[in-house]
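New to this one? Have a look at the fold below, and then we'll walk through it together.

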Amino acid sequence: TSRGYAVFDPDIVYRVNDPGMSAVWCVIPAVKAAIATGMIDSANVGLWGHSWGGYQTAFLVTQTNIFKSAIAGAPLTDMVSMYGSIYWNTGGADQAIFESSQGRFKGNYADNYDAYIRNSPNFHAKNVKTPLIILANDKDGAVDFNQGITYFNTLRQMNKDVILLEYVGENHGLARPVNQKDYAARQKEWFDHYLMGATAPDWITTRLPMRTSWYS
């Protein structure tokens with residue numbers, strides 16, 4: 001807020017079998033209500049989330065163009081492949097996430113296929129028009145690295161405006177201070193450029209591969 005941003009964290013009321021659509025049904029009206037206060041520039045609204053919030057960010061940009069730019073940290077992007085993956089931090093399977101936790105699906109994807117597809121960002125990638133950063137770390141033990149790579153490759157193949165950040169050796173969140181500072185700086189530069197009109201740094205304009213990770 002000291003830099004001129006208003007920060008909004010809307011509530012989401014979930015409906016069974018529609019975790020992604022529930023975010024659409026709640027976040028978009030909430031943003032419109034915030035804009036209606038007169039304090040928000042409707043042309044310069046950004047979106048950020050991490051983990052489950054990263055999933056909702058990755059999904060929301062397939063369903064709306066209300067956001068000028070977005071950052072999805074460690075997002076789930078393909079509910080079908082994620083269902084059969086491993087939660088490496090504990091060694092358990094990911095099915096429980098979908099049937100008895102955040103996913104809020106009834107049964108597995110074989111029995112509830114349409115719902116899993118309907119709420120998977122990757123299957124709606126063609127709709128994305130919002131410039132997007134995807135954070136995917138190679139040692140992520142909660143959301144498998146391939147979830148971010150799958151979405152990134154799909155978007156790139158469609159010539160979408162997307163950047164992938166990978167911090168080698170990092171887990172679901174960034175533990176090394178140098179990486180925390182780097183990611184925070186890039187988030188600021190990303191939103192300052194797209195929402196505040198600041199000059200874009202080279203890493204945004206060139207899109208050339210560059211080192212964004214460090215070993216301690």
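What follows starts with the whole chain and then zooms in on two helices and a loop.

First off, keep in mind that this is a predicted model. The secondary structure adds up to 8 helices and 6 strands. If you read along the sequence, the pattern goes α-β-α-β-α-β-β-α-α-β-α-β-α-α.

How does the radius of gyration fit a compact globule? For 216 residues, such a globule would come out near 17 Å, and the protein has 17 Å, so the two agree. The C-alpha trace spans about 50 × 45 × 30 Å along its principal axes. Some 48% of the 216 residues count as buried. Take the contacts between residues at least 6 apart in sequence: 67% of them join residues at least 24 apart.

On the outside, the protein exposes about 10700 Å², with carbon and sulfur atoms supplying 53% of that. As for charge, there are 18 positive and 19 negative side chains, and the centres of these two sets sit 5 Å apart.

Now for the two helices, side by side:

| Helix | Residues | End-to-end C-alpha span | Expected span |
|---|---|---|---|
| H1 (19–36) | 18 residues | 26 Å | 26 Å |
| H7 (177–196) | 20 residues | 27 Å | 28 Å |

Let's take H1. Its buried residues include Met21, Val24, Ile28 and Val31. What do the buried residues of H1 pack against? Their partners are helix H2 (52–60), helix H3 (79–83) and helix H5 (113–118). Just past the end of H1 comes Gly38, which takes a positive phi of about 90°.

A handy bit of background: an α-helix has 3.6 residues a turn, so residues three or four places apart point the same way.

H7 has its own buried set, among them Tyr183, Arg186, Trp190 and Leu195. The buried residues of H7 pack against four strands by name, S1 (46–50), S2 (69–73), S5 (132–135) and S6 (162–165), and also against H8. Gly197 follows H7, and its phi is positive too, near 80°.

That brings us to the loop between H7 (177–196) and helix H8 (202–205), which is where you'll find Thr199. Is Thr199 buried or exposed? It counts as exposed, because its relative accessibility is 75% and the cut-off for exposed is over 50%. Thr199 and Glu189 are 10 residues apart in sequence, and their C-alpha atoms are 8.8 Å apart in space.

Conventions
Residues numbered from 1 in each chain as written. Predicted model: local features only at pLDDT ≥ 70, side-chain atom pairs only at ≥ 80, totals over all residues. Heavy atoms only, no water. Helix = DSSP H or I, 4+ residues; strand = E, 2+ residues; numbered from the N terminus. Buried < 20%, exposed > 50% of the residue type's maximum accessible area, 1.4 Å probe, protein only. Expected span 1.5 Å × (residues − 1). Contact = heavy atoms within 4.5 Å. Rg over C-alpha atoms; globule rule 2.2 N^0.38 Å. Areas by Shrake-Rupley, 256 points an atom, 1.4 Å probe, with all protein chains shown as cover. Lys, Arg positive; Asp, Glu negative; His and termini not counted. Charge placed at Lys NZ, Arg CZ, Asp CG, Glu CD.
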